[in-house]
Amino acid sequence: PVISGAVPLKLGWMPYTNGIFQAKTPPGLVWDQLFVNGKYQPMARYPNYKPGATLLGSSAKDTLSPSRVARWANPAGGYIHALQGAHWGSLDYLILGEKADGSLNYEDGWQVNRDIGMAPECYMENVHEELDAPGEWFHDGKSDTLFYMPPPGVNLQAAKVESAQLKQLMEFQGDKKHPVQFITLQGLTFRETVRTFMQTREPVLRSDWSIFRGGAILLNGTKNCAISDCNCPA
């Protein structure tokens with residue numbers, strides 16, 4: 001049995017440009033992770049994803065250079081992903097737009113408790129102009145349009161397209177006086193949840209990290225519960 005946080009989409013694909021297709025999407029959906037025929041598809045990003053790349057699936061020192069930023073008509077809603085300056089932790093930033101001088105305006109990363117800043121190598125995602133590699137996609141929320149470059153061999157007219165909508169699939173909430181008890185989850189596959197890297201705002205006492213108290217399965221105020229022989233594929 002598979003428990004998924006995604007919804008299937010029935011889309012009318014039309015050619016766009018340079019191997020990219022476009023399709024109108026229903027309003028009000030979350031656009032964070034896209035799956036085609038059960039496989040994760042990366043957001044439009046720079047530099048492009050490279051399997052086996054040592055840092056962040058590929059990164060570059062010119063990601064935030066003025067010349068590259070100048071290419072982006074509207075980067076608001078994009079993300080910057082970087083390692084902390086000493087490379088022992090990761091930082092994530094939400095792009096708010098451009099400043100008057102052409103540089104990016106973004107919310108600082110709060111994933112670690114030491115404000116040392118990001119390393120020069122980083123990558124960014126979710127900007128339309130960086131959609132240039134097979135498998136990449138971008139969703140325009142203003143026009144409710146999905147842009148996607150299918151990999152070779154993918155027939156969009158027959159493909160199963162899904163968009164993740166839920167950050168948690170199951171939640172068990174009890175308390176000290178009334179705990180949730182005797183729940184066993186066994187032999188299940190949990191798939192396709194929304195990412196929560198921008199919600200890690202709670203500092204952990206005597207720790208370098210901030211956390212988000214959630215996950216695909218959340219148990220709070222429980223006892224005598226078990227999760228066994230389950231699978232959560234990447």
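Two strands pair if DSSP finds at least two bridges between them. The model described here is a predicted one, and two of its open sheets are taken in turn below, followed by the cysteines.

**The sheet with strands 3, 4, 13 and 12**

One open sheet has four strands in the order 3-4-13-12, and the pairing is antiparallel. Strand 3 (14-17) and strand 12 (137-140) are the edge strands, each pairing on one side only. On average, neighbouring strands of this sheet are turned by 30° against each other, direction ignored. Strand 4 (residues 20-24) and strand 13 (residues 145-148) run antiparallel and are joined by four bridges. Within this part of the sheet, phenylalanine 21 stands opposite tyrosine 148, a residue of strand 13.

**The sheet with strands 2, 14, 5 and 6**

Another open sheet is formed by four strands in the order 2-14-5-6, again with antiparallel pairing. Strand 2 (6-9) and strand 6 (39-41) each have a single partner strand, so one side of each lacks a neighbour in the sheet. Here the average turn between neighbouring strands is 35°, with direction ignored. Three bridges connect strand 5 (residues 34-36) with strand 14 in the antiparallel sense. One of the facing pairs is valine 36 with valine 161, its bridge partner in strand 14.

Strand 14 (residues 161-164) also contains glutamate 162. Is glutamate 162 buried or exposed? Its relative accessible area is 7%, and because buried means under 20%, glutamate 162 counts as buried. Leaving out residues up to four places away in sequence, glutamate 162 touches Ala6, Val7, Pro8, Gln33, Leu34, Phe35 and Glu192.

**Cysteines**

How many disulfides does the model have? The count comes to zero. For cysteine 230, the closest cysteine sulfur is that of cysteine 232, at 9.6 Å. A disulfide needs two cysteine sulfur atoms within 2.5 Å, so the sulfur of cysteine 230 is too far away for a bond. Cysteine 230 is partly exposed, whereas cysteine 122 is buried.

The table lists the relative accessible area of the three residues whose exposure is discussed here.

| Residue | Relative accessible area | Class |
|---|---|---|
| Cysteine 122 | 2% | buried |
| Glutamate 162 | 7% | buried |
| Cysteine 230 | 28% | partly exposed |

Notes
Residues numbered from 1 in each chain as written. Predicted model: local features only at pLDDT ≥ 70, side-chain atom pairs only at ≥ 80, totals over all residues. Heavy atoms only, no water. Helix = DSSP H or I, 4+ residues; strand = E, 2+ residues; numbered from the N terminus. Buried < 20%, exposed > 50% of the residue type's maximum accessible area, 1.4 Å probe, protein only. Contact = heavy atoms within 4.5 Å. Axes fitted to C-alpha atoms, helices over the stretch in contact; angles between N-to-C directions.
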